[in-house]
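Got the viewer open and a hand on the mouse? Load the model below and let's walk through it stop by stop.

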Amino acid sequence: LRSTSCWKKLAGTGLTWGLYDFIYYGTAFNLPELFSRVLGSSNSDDTTHDLFTDAWHNALIASMGLPGVILAIRMMEPMGGPSNLQLWGFVAIGMACLGMIWCVSTLEEEEAVVDAN
């Protein structure tokens, strides 16, 4: 730990891990709002229906990660190992989040225009 190269690696790992957690938990915390906007909200007072709907939504979101995992396993060697795969994966996650921010802000602007009329 006395070497500066260790501290640089530790700081880089900590910062990227922190950014990833910020994105992941920020998204996970807002899943109910995302579900209601994307998949529609249920107006039912039936608790069983709400539980089933929430379970179905969570299974849908979890299954969306499977193609990425399969692709990552297959691309590990061609991309030059896990470091390059992690780097490009982090860039792809960042671009996806920016795209999602752009889509949500565009939809909110369109809703504001429709509501104003």
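Here is a tour that goes from the whole chain to a few selections along it.

Before you click anything, keep in mind that this is a predicted model. Start with a cartoon view of the whole protein chain: you'll find five helices and zero strands. Reading along the sequence gives the pattern α-α-α-α-α. Now switch on the surface. The protein chain exposes about 9900 Å², and carbon and sulfur atoms supply 69% of that area. How much of the chain counts as buried? Of its 117 residues, 6% do.

Next, select Leu19, Tyr20, Tyr24, Tyr25, Phe90 and Ile93, and color them as one group. Together they make a nonpolar surface patch of about 580 Å². Helix H1 (4-29) and H5 are the elements that give two or more residues to this patch. Which of them has the largest share? That's H1, with four residues.

Stay with the patch and zoom in on Ile93, which lies in helix H5. Ile93 counts as partly exposed because its relative accessible area is 33%, and partly exposed means the range between 20% and 50%.

Slide along H5 to Cys97, which has its place in that helix too. Buried or exposed? Cys97 counts as buried, because its relative accessibility is 17% and the cut-off for buried is under 20%. While you're there, add Thr27 to the selection and draw a C-alpha to C-alpha distance: Cys97 and Thr27 sit 9.5 Å apart in space, although 70 residues separate them in sequence.

Now pick out two other cysteines, Cys6 and Cys103. Cys6 is partly exposed, with a relative accessible area of 36%. Cys103 is partly exposed as well, at 39%. With cysteines on the screen, you may want to look for disulfides. A disulfide is a covalent bond between the sulfur atoms of two cysteines. How many disulfides are there? With a cut-off of 2.5 Å between cysteine sulfur atoms, the count comes to zero.

For the last stop, select Glu109, Glu110, Glu111 and Asp115. What do they form? These four gather in a patch of negative charge on the surface. Center on Glu110, which is found in helix H5, and highlight the whole helix, residues 82-116. The relative accessible area of Glu110 is 46%, so Glu110 counts as partly exposed.

To finish, keep H5 highlighted and revisit the stops along it: Ile93, Cys97 and Glu110 all lie in this helix.

Methods:
Residues are numbered from 1 along each chain as its sequence is written. This is a predicted model: local features need pLDDT of at least 70, side-chain atom pairs count only at pLDDT 80 or more; totals for chains, interfaces and linings use all residues. Side-chain values use heavy atoms; hydrogens and water are left out. Patches are made of residues with over 30% relative accessible area and no salt bridge: like charges are joined within 9 Å, nonpolar side chains (Val, Leu, Ile, Met, Phe, Trp, Tyr) within 5 Å. Accessible areas come from the Shrake-Rupley method with a 1.4 Å probe; for residues, only the protein chains shown count as cover. A salt bridge is a side-chain nitrogen of Lys or Arg within 4 Å of a carboxyl oxygen of Asp or Glu. Lys and Arg count as positive and Asp and Glu as negative; His and the chain ends are not counted. The place of a charge is taken as NZ of Lys, CZ of Arg, CG of Asp or CD of Glu. Buried means under 20% relative accessible area, exposed over 50%, partly exposed in between (1.4 Å probe, protein chains only).
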